[in-house]
Amino acid sequence: MDSSYFDLVIDRSLESGSYSHKYLSMVDRYAGYDLDGVIPMWVADMDFRCPPEVIDAVRERAAHGLYGYTGSTLNNVFLKAAAGWVQRRYGWAVDPGWGVYIPGIVPAINAAIQEFTEPGDGVIIQSPVYYPFTDGTVNNGRTPRHNILKEDENGYYTMDFEGLEQLAKEPRTKLLVLCNPHNPVGRVWTREELTRLMDICLENQVLVFSDEIHADLIMSGHTHIAAGTLGEKYLHNLIAAYAPSKTFNIAGLGASAIFVPDPEIRQRLQKRIGANRLPPSNVFGPLAGEVAYRCCDSYVDTLVPYLEKNIDYVDQFIKEQLPGIKMRKPEGTYMVWIDLRGLGMTPQQANDFMIEQAKIAVDFGTWFGVGGDGFVRMNLASPFSLVEKAMGQLKSAVDSLRSEA
Ligand SMILES: Cc1ncc(COP(=O)(O)O)c(C=O)c1O
């Protein structure tokens, strides 16, 4: 695969017929703003085509012309490919039989909250973090117990282990939802950090749901540590979630693999997912996911350096040209967590500034909970030309701020 594959600018607007959430839902998400000329860099999907092998498989199945209910055999084929990927890419010799198929990781988190906690129980969430963790907890009548990440003066985030221990000790704390790697702060947690977290949870009988959806998007110098590789003793206290959706840009098809080594926990999760009566599997999801996991390594191996080039560019640009704005290069994920606090605005003004002046639709930091105020998350999984354009717009916006001052 050649990196020019990712240079292609593909029309995702309403007129293109792609029905892209990132493009079309801006009208609701940013209601009240003038969206003319705004570049969508919010929702975490990519503006790139998925691997050619996946496109071919989907095309071929679509040509069959019959889309009745899909048998679970396909889900098992997908889970086998997912297990192969997990072993090949992160070194965890996971048994495909530990796999639970589900269209999305968020419904799996919800099912785990419902099954392994009671109403009013505490769920530990390390904010600022992907907001469905908190939503899932609150919507199910459980209590989010926020263990806020610690940020140092260089924008580097670490876990607050003392806080974690205290929360885990509370008798009603039953579950921790871990974001590994972490969206939005971009940390790729180290083996030491993860082991410490797993120890605290094991000692206090707090089950760990490790959401590893961003596991393939790891920048140079860092390594994804699958929670399942931390040691045998933790396996009975772990639910580990993977999906090809971010890596291969097939989130709209829906296919995720949840590996649960403990048979009792697995059966309970499976039963709960069944009881929630999710729609039957969309044939294209597991089909595309299986192909991606089986034979598209080279796509990821070309994609990640491309993403890193975008990230390096934005990092350099901010340092050299955007006084008042800071960012620390993420260790993983294709999102950057941009600190606007130096612009001397309220969080609301900073949000408005990004949409109205810079004309970039970003995820507002506030959405990620405690610790998110004054930040925005920008998705850089776009052709370089679009990233360049966005940075030009941001520069003009910052320049006019300074000329007004
Ligand atoms: C950490 C994390 N988990 C889960 C998801 C989405 O999962 P799914 O679409 O499989 O429900 C995202 C999407 O941005 C994410 O960042």
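A residue is buried if 20 or more other C-beta atoms lie within 10 Å of its own, and exposed if 12 or fewer do. That cut-off will come in handy below, as we tour this predicted model.

**View 1. Asn249, a buried residue with positive phi.** Let us begin in the loop that links strand 9 (238-242) to strand 10 (256-259), where Asn249 lies. Its phi is positive, about 60 degrees, although Asn249 is not a glycine. Is Asn249 buried or exposed? Asn249 has 22 other C-beta atoms within 10 Å, so it is buried.

**View 2. Tyr19, an exposed residue with positive phi.** Tyr19 sits in the segment before helix 1 (21-24). Here too a residue other than glycine takes a positive phi, with a value near 50 degrees. Tyr19 counts as exposed because it has 11 C-beta neighbours inside 10 Å. Please compare this view with the previous one: Tyr19 is exposed, whereas Asn249 is buried.

**View 3. The cis peptide bond from Ser127 to Pro128.** Follow the chain from strand 3 (122-125) towards helix 6 (132-139), and you will meet Pro128 in the loop between them. The peptide bond leading from Ser127 into Pro128 is cis, and its omega is near 0 degrees.

**View 4. The cis peptide bond from Asn180 to Pro181.** Which elements flank the loop that holds Pro181? They are strand 7 (173-179) and helix 8 (191-203). Between Asn180 and Pro181 the peptide bond is cis, with omega near 0 degrees.

**View 5. The shell around the ligand.** Here we look at the 13 residues around the ligand. Those that come nearest are Ala44, Gly104, Ile105, Val106 and Tyr130. What is the make-up of this shell in nonpolar, polar and charged residues? Eight are nonpolar, four are polar and one is charged.

**View 6. Stepping back to the whole protein.** To place the close-ups, it helps to see the fold that holds them: 13 helices and 15 strands make up the secondary structure. Along the principal axes, the C-alpha atoms fill a box of roughly 65 × 55 × 40 Å. A compact globule of 405 residues would have a radius of gyration near 22 Å, so the 21 Å of this protein agrees with that. Of the 405 residues, 48% count as buried, Asn249 from the opening view being one of the buried residues. Finally, take the contacts between residues at least 6 apart in sequence: 73% of them join residues at least 24 apart.

Notes: Residues are numbered from 1 along each chain as its sequence is written. This is a predicted model: local features need pLDDT of at least 70, side-chain atom pairs count only at pLDDT 80 or more; totals for chains, interfaces and linings use all residues. A residue is near a molecule or strand if its C-beta atom, placed from the backbone, lies within 6 Å of it. Ala, Val, Leu, Ile, Met, Phe, Trp, Tyr, Cys and Pro count as nonpolar, Asp, Glu, Lys and Arg as charged, and the others, Gly among them, as polar. Helices (H or I, at least four residues) and strands (E, at least two) are DSSP runs, numbered from the N terminus. The radius of gyration is taken over C-alpha atoms; the globule rule is 2.2 Å times the number of residues to the power 0.38. Two residues are in contact if their C-beta atoms, placed from the backbone, lie within 7 Å.
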